Amino acid sequence: MEHNFKNSKVNRLKWYGGANGNKIGISYQENDYMLKFPPKPSKNKNMSYTNSCISEYIACHIFQSLGINTQETLLGKYGDKITVACKDFTSGGFELKDFAQLKNTIIDSQQNGYGTELNDILNTIHEQQIISPVELEKFFWDMFIVDALLGNFDRHNGNWGFLVNYGTGEVKIAPIFDCGSCLYPQIEEKQMEYVLQDKKEIEKRIFVFPTSAIKVDEMKLNYFDFLNTTDNINCLKSLKDISNKIDMNKINSIIEGTPYISEIHKRFLKTMVRQRKEQIIDKSLERIYDRKEKLKSRYRGYER
């Protein structure tokens with residue numbers, strides 16, 4: 001469904017941070033929204049704008065299809081600009097605080113709040129005392145697995161976090177937000193066609209890039225390599241849980257129902273999500289099952 005935000009009332013007192021594009025607060029259909037405009041492309045200078053608003057909309061709906069609490073998004077126009085409206089989830093006295101702010105409270109942390117070394121992030125999750133560490137780590141790995149599926153290259157400590165109510169003292173994990181770096185937002189249609197015709201180009205966008213913003217030994221983490229080698233039991237549990245929830249028919253329906261994008265864009269997105277599922281998620285699961293079978297076989301041999 002297409003929306004027209006041009007005549008929406010603008011809230012001049014609602015200001016939003018972040019580097020990805022301009023943002024204004026509006027009231028639309030009796031709800032408060034943050035209206036995000038596409039930023040100038042940082043990599044492909046030939047594009048007049050990026051597809052980040054499209055990516056935000058589709059990625060958030062895919063997160064929702066997997067049963068993960070996610071911001072509500074609408075896709076529409078503000079004048080001649082395609083924009084995405086993100087429903088304000090800070091009502092009822094809650095304020096959004098990002099993970100980086102929590103990480104800064106851990107005085108033994110090896111990095112500052114925005115440092116994305118995986119071990120430091122996991123240490124913060126277990127050292128903090130405002131949310132159940134088990135619940136928070138589960139959320140983190142679920143988010144990581146879906147980001148791997150969608151090729152998110154910019155999930156840093158500033159774009160996930162918590163809702164804090166200073167009046168009641170209540171703290172809860174915030175819905176997933178800021179997904180504009182998923183789904184290859186800086187590729188234009190001519191390049192999409194080129195990629196779809198070349199298996200090696202598809203594979204580059206699965207096995208080589210995009211990488212995660214999270215680092216291991218100061219190197220950005222490669223989703224395929226990490227999930228095919230990690231022994232982190234909580235990560236592997238999330239891998240299995242999310243895999244069981246992925247419904248490609250639902251995902252394809254979300255993409256097909258997205259306004260403003262061409263048929264080649266839809267085919268590109270459906271192809272890349274399917275390939276990332278098969279090559280990253282499914283193959284990583286196969287490794288787990290193969291290892292279990294080898295251990296069973298070794299144990300049976302020992303019994304004999």
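## A hairpin to start with

In the hairpin of S3 and S4, two residues sit between the strands, and Gln29 takes a positive phi near 50 degrees. Keep in mind that you're looking at a predicted model. The two strands of this hairpin run antiparallel, and six bridges join S3 to S4. To see one of the pairings for yourself, find Ile24: its bridge partner in S4 is Leu35.

## The sheet around the hairpin

Now zoom out a little. The hairpin strands belong to an open sheet of six strands, and if you walk across the sheet you meet them in the order S1-S5-S6-S4-S3-S2. The pairing in this sheet is mixed. Which strands stand at the edges? They are S1 (3-4) and S2 (9-11), and each has a single partner strand, so one side of each is left without a neighbour in the sheet.

Let's look at the neighbours of the hairpin. On one side, S2 pairs with S3 (residues 23-28) in the antiparallel sense, over three bridges. Here Val10 has Ile26 in S3 as its bridge partner. S4, for its part, pairs with S6 (residues 81-87), again in the antiparallel sense, this time over four bridges. In that pairing, Met34 stands opposite Cys86 in S6. While you're following the strands, here's a handy general idea: in a regular strand the side chains alternate between the two faces of the sheet.

## Lys36 and its two partners

The model has 14 salt bridges. One of them joins the side chains of Lys36 and Glu56, with N and O 2.8 Å apart. This pair links distant parts of the chain: Lys36 is in strand S4 (residues 31-36), Glu56 is in helix H1 (residues 52-65), and they're 20 residues apart.

Lys36 has another partner too: Asp178 forms a salt bridge with Lys36, and their closest N and O atoms are 3.4 Å apart. This link spans 142 residues, from Lys36 in strand S4 to Asp178 in the loop between strand S9 (171-173) and helix H5 (189-196). Put together, Lys36, Glu56 and Asp178 are linked in a network of salt bridges.

Are these three residues buried or exposed? The cut-off for buried is under 20% relative accessible area. Lys36 has 7%, so Lys36 is buried. Glu56 has 1% relative accessibility and therefore counts as buried. Asp178 has a relative accessible area of 19%, so Asp178 is buried as well.

## A salt bridge between two helices

Another salt bridge brings together the side chains of Asp120 and Lys103, at 2.8 Å from N to O. Asp120 lies in helix H3 (residues 118-127) and Lys103 in helix H2 (residues 99-103), so the pair ties together parts that are 17 residues apart in sequence. Both Asp120 and Lys103 are buried.

## How H1 meets H4

Back to H1, the helix that holds Glu56. H1 packs with helix H4 (residues 133-150) at an angle of about 130 degrees, and their axes are 11 Å apart. How do we describe that arrangement? Over 145 degrees would count as roughly antiparallel, and 65 to 115 as roughly perpendicular. The angle of about 130 degrees fits neither range, so H1 and H4 are oblique to each other. H1 passes H4 in a right-handed crossing.

Which residues meet where these helices pack? From H1 come Ala59, Ile62 and Phe63, and they meet Met143, Val146, Asp147 and Leu150 in H4.

Technical notes: Residues are numbered from 1 along each chain as its sequence is written. This is a predicted model: local features need pLDDT of at least 70, side-chain atom pairs count only at pLDDT 80 or more; totals for chains, interfaces and linings use all residues. Side-chain values use heavy atoms; hydrogens and water are left out. Two strands pair if DSSP finds at least two bridges between them. A salt bridge is a side-chain nitrogen of Lys or Arg within 4 Å of a carboxyl oxygen of Asp or Glu. Buried means under 20% relative accessible area, exposed over 50%, partly exposed in between (1.4 Å probe, protein chains only). Axes are lines fitted to C-alpha atoms, for helices over the stretch in contact, and angles run from 0 to 180 degrees between N-to-C directions. Angles under 35 degrees count as roughly parallel, over 145 as roughly antiparallel, 65 to 115 as roughly perpendicular and the rest as oblique. A crossing is left-handed if the near helix is turned anticlockwise from the far one by less than a right angle, and right-handed if clockwise. Contact means heavy atoms within 4.5 Å.
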